[in-house]
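Colleague: I am new to this model and would like a close look at one part of it, taken slowly and with each term explained. Please start from a single pair of side chains and then work outward to what surrounds it.

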Amino acid sequence: MSLRIVVCVKYVPDATGDRHFADDLTVDRDDVDGLLSELDEYAVEQALQIADEADDAEITVLTVGPEDAKDALRKALSMGADKAIHVEDDDLHGTDVIGTSLVLAKAVEKAGYDLVITGMASTDGTMGVLPAILAERLGVPQVTLLSEVKVEDGTVTGRRDGDSASEQLVASLPALVSVTDQSGEARYPSFKGIMAAKKKPVESWDLSDLDLDAEEVGLQGAYTVVESAAQRPARTAGTVVKDEGEGGKQLAEFLAGQKFI
Amino acid sequence: MAEVLVYVDHVDGAVRKPTLELLTLARRVGEPVAVALGAGAEATAAVLAEHGAVKVLTADAPEFADYLVVPKVDALQAAYDAASAGGSLAAVLVPSSAEGKEIAARLAVRIGSGIITDAIDLEAGDEGPVATQAAFAASFTTKSRVSKGTPVITVKPNSAPVEAAPAAGAVEALAVTFGALATGTKVVSRTPRESTGRPELTEAAIVVSGGRGVNGAENFHLIEELADSLGAAVGASRAAVDAGWYPHTNQVGQTGKSVSPQLYIAAGISGAIQHRAGMQTSKTIVAVNKDAEAPIFDLVDYGVVGDLFEVVPQLTGEIKARKG
């Protein structure tokens, strides 16, 4: 029986670009290039490795986002995912994590799944809560923040490295897994993979395909309000000295002046 | 006055500092009611009372240790149900640990509330608590509030002072019924991390981090010795972690820990945006790097352009001498 894997990915503004907020205090996506969130590449990678081990598996990569978000799907397809679903609707603008998790849950259910895989967090919002919320909405076990993951005989096992302990986890499928950047280096798409990706199917769904109303998503459906966003004042240039043999002592002098010693 | 639920992070009854900071913030928006779960929950009551908890709700069951996250969500939901039945509830506050955020997130969606994560400050507002957050690698500061349901907010360590504010802290047993999902993910085994004797990275007042310039695991003792001279935690950049020189649990940056200490010392770290995302809110920043053009120098209060193998040991020696 085929193992159906859905990988949820996000198209995010490039962190090395000049990120800022638009007038409505949503993330301004027009002035900065986007890309597949780096942390989601690890999710795609683990999906590919799990699929390799399975007798028969199909990987669907899923994203919610504007037109440009197709680029994130193409990247995942070029890495080796089989097909893609793009949930796109003008009414989605300004959707928060609660709304996004609702859209993803509906889309994942519509796509059909045995295993959902996500990254540990997006690299723009960096909340890290979507995997847990999605598991809650789907009503399946959350097996999250894994640095090692294995799927066999209808169960998923993994290692979660926490602050105080390292835990071995096990759950039955269907389940939701999130993986950390320690799970294994993500592969680069090959030229062949990039060419093949162009022919892979990308389905587009809108809110009506998911039986969702505009009021449930977007800024009006959001559960949080950003009241203000201000650029932090640039740190005033501090003192930078060149070490001429006394650099450590000069630094100690500074720390003592600041009462750290 | 409305109650505020405060989720207690403790280890066998020893309350961790971020929870005491939460109690300080909780008092700004209501009367703190602490929720302590698992082994030693009742032992937390005295210190929670001393820091402002009017009530301490406790529950223990094997499920809390044997299964991942969801049993704790069931318990926090029981506390939410009990508190909201008794009147208005101003907010639910949870420490911003990885597990804390997952617990808060699941609770929020269950009770139909919005969630704000990684707040660095909290104040009372006309329409509910207003949380301050750092966005885009801390280059922006935002103020947000939850507009639907009872605000669920997770707060980063070092966001508020720990203040004594004695309150009744009456212990009450919390009745918890575990749902079908509670036993979904079993914890088969747990290997405690070996204690280094140093402060926890995210909670430390001073952090000393090493990067690519440390040039090998065998040289990290220089970073550790400097940290120990200051009573600091040790951090590492992603380059140092990926090279296998220091454990991932000590990684500071976008894919590691985000720290906000009083003093951050970066040795041999160039300061890529991904690293800055994890330390830019530090109060005082100091760097030692050979490369005068390294972006870290744009952030520093004090920087030394020089070889860390010369500068760091000299600094450590000087600190030890001054401390006598």
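Modeller: B:Arg198 forms a salt bridge with B:Asp228, and their closest N and O atoms are 2.7 Å apart; a salt bridge here is a side-chain nitrogen of Lys or Arg within 4 Å of a carboxyl oxygen of Asp or Glu. B:Arg198 lies in the loop between E13 and E14 of chain B while B:Asp228 belongs to helix H6 of chain B, so this pair ties together parts that are 30 residues apart in sequence. Helices (H or I, at least four residues) and strands (E, at least two) are DSSP runs, numbered from the N terminus.

Please keep in mind that this is a predicted model, in which local features need pLDDT of at least 70 and side-chain atom pairs count only at pLDDT 80 or more, while totals for chains, interfaces and linings use all residues. Residues are numbered from 1 along each chain as its sequence is written, chains are lettered from A and ligands numbered from 1 in the order in which they are written, and side-chain values use heavy atoms, with hydrogens and water left out.

B:Arg198 also forms a salt bridge with B:Glu224, where the closest N and O atoms are 3.7 Å apart. That pair again links distant parts of the chain, since B:Glu224 sits in helix H6 (residues 220-230) of chain B, 26 residues away from B:Arg198. As for exposure, B:Arg198 counts as partly exposed at 21% relative accessibility, B:Glu224 is partly exposed with a relative accessible area of 22%, and B:Asp228 is partly exposed at 45%; buried means under 20% relative accessible area, exposed over 50%, and partly exposed in between (1.4 Å probe, protein chains only).

The two strands that flank this loop lead in separate directions. Strand E13 (residues 186-192) of chain B runs antiparallel to strand E9 (residues 165-172) of chain A, joined to it by 6 bridges, and B:Arg190 in E13(B) stands opposite A:Glu167. Two strands are said to pair if DSSP finds at least two bridges between them.

On the other side of the loop, strand E14 (residues 206-210) of chain B pairs with E16(B) in the parallel sense over 5 bridges, with B:Ile206 opposite B:Leu263. E16(B) is in turn joined by 5 bridges to strand E17 (residues 284-289) of chain B, and these two run parallel; here B:Tyr264 has B:Ile285 as its bridge partner. All 5 of the 5 residues of strand E16 (residues 263-267) are buried, so this strand is largely enclosed by the rest of the structure. Both of its faces are covered, with B:Leu263, B:Ile265 and B:Ala267 on one side and B:Tyr264 and B:Ala266 on the other.

The strand pairing across the chains belongs to a wider contact, which takes 87 residues from chain B and 79 residues from chain A, contact meaning heavy atoms within 4.5 Å. The area buried between the two chains is about 7100 Å², of which carbon and sulfur atoms give 57%; buried area is the accessible area (1.4 Å probe) that two parts lose on being put together, summed over both. Between chain B and chain A there are 8 salt bridges, including the one from B:Glu102 to A:Arg160, whose closest N and O atoms are 3.1 Å apart. Over all chains, the structure holds 32 salt bridges, among them the two made by B:Arg198.
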